[in-house]
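Please look over the model shown below before reading on. The paragraphs that follow lead from the elements that cover one another to the chain as a whole, and then to a few single residues.

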Amino acid sequence: MILDALFFLIQAGLTLFFWAILIAAVLSLLTGFGILDTRNRLVWALSDFFYRVTEPVMRPVRNRLPNLGSVDISPLVVLLLVQACMLLVAAIQGYLIRGGLYF
């Protein structure tokens, strides 16, 4: 039961981070195209929150990727890495169940 809770929390955290990256990327696109105005207090607060949550992971990825001009593919790379981590956690849980180490 303890490992169930642990794996659930890890999966839930990764899922929340996946959605945070996706929302941050959409907000960035909408503000970049001028659809959302950052002078609006709610828009600024939301975009600032998602920037602060996702930027510690996005910055190292952005620094390692080649410069593609105005195209930023770092959210795509981070989303793929988060998905790979989710698959890895599920595989570890499966190996623990099959190995009899899961209690």
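**How the helices cover one another**

Among the elements that cover the buried residues of helix 1 are helix 2 (41-64) and helix 3 (74-99). Here helices are DSSP runs of H or I with at least four residues, strands are runs of E with at least two, and both are numbered from the N terminus; buried means under 20% relative accessible area, exposed over 50%, and partly exposed in between, with a 1.4 Å probe and protein chains only. The model is a predicted one, in which local features need pLDDT of at least 70 and side-chain atom pairs count only at pLDDT 80 or more, whereas totals for chains, interfaces and linings use all residues. Residues are numbered from 1 along each chain as its sequence is written, and side-chain values use heavy atoms, with hydrogens and water left out.

The chain holds three helices and zero strands, and its pattern along the sequence reads α-α-α. Its radius of gyration, taken over C-alpha atoms, is 17 Å, whereas a compact globule of 103 residues would have a value near 13 Å, by the rule of 2.2 Å times the number of residues to the power 0.38. The C-alpha trace spans about 55 × 35 × 20 Å along the principal axes of the chain. Of the 103 residues, 24% are buried, and of the contacts (heavy atoms within 4.5 Å) with a separation of 6 or more, 62% join residues 24 or more positions apart.

Helix 1 covers residues 2-32, and its 31 residues reach 45 Å from the first C-alpha to the last, close to the 45 Å expected at 1.5 Å a residue; the expected span is 1.5 Å times one less than the number of residues. The buried residues of this helix include the aromatic positions Phe7, Phe17 and Phe18, together with Leu3, Leu14, Ile21 and Leu27. Gly34, with a positive phi near 80 degrees, follows helix 1.

Helix 3 has 26 residues that should span 38 Å at 1.5 Å a residue, and the 37 Å between its end C-alpha atoms agrees with this. Its buried residues are Ser74, Pro75, Val78, Leu79, Val82, Met86, Val89 and Gly94, and what covers them includes helix 1 and helix 2. After helix 3 comes Gly100, whose phi is also positive, near 80 degrees.

Three single residues add detail to this picture. Thr54 has its place in helix 2 and counts as buried because its relative accessibility is 3%; apart from neighbours within four places in sequence, Thr54 is in contact with Phe17, Ala20, Ile21 and Ala24, each of which is listed among the buried residues of helix 1. Ile23, found in helix 1, counts as partly exposed because its relative accessibility is 36%, and its C-alpha lies 8.9 Å from that of Ser47, 24 residues away in sequence. Leu101 lies in the segment after helix 3 and is exposed, with a relative accessible area of 58%; leaving aside neighbours within four places in sequence, Leu101 is in contact with Leu3 and Leu96.

At the surface, the chain exposes about 7,600 Å², of which carbon and sulfur atoms supply 72%, with areas taken from the Shrake-Rupley method with a 1.4 Å probe.
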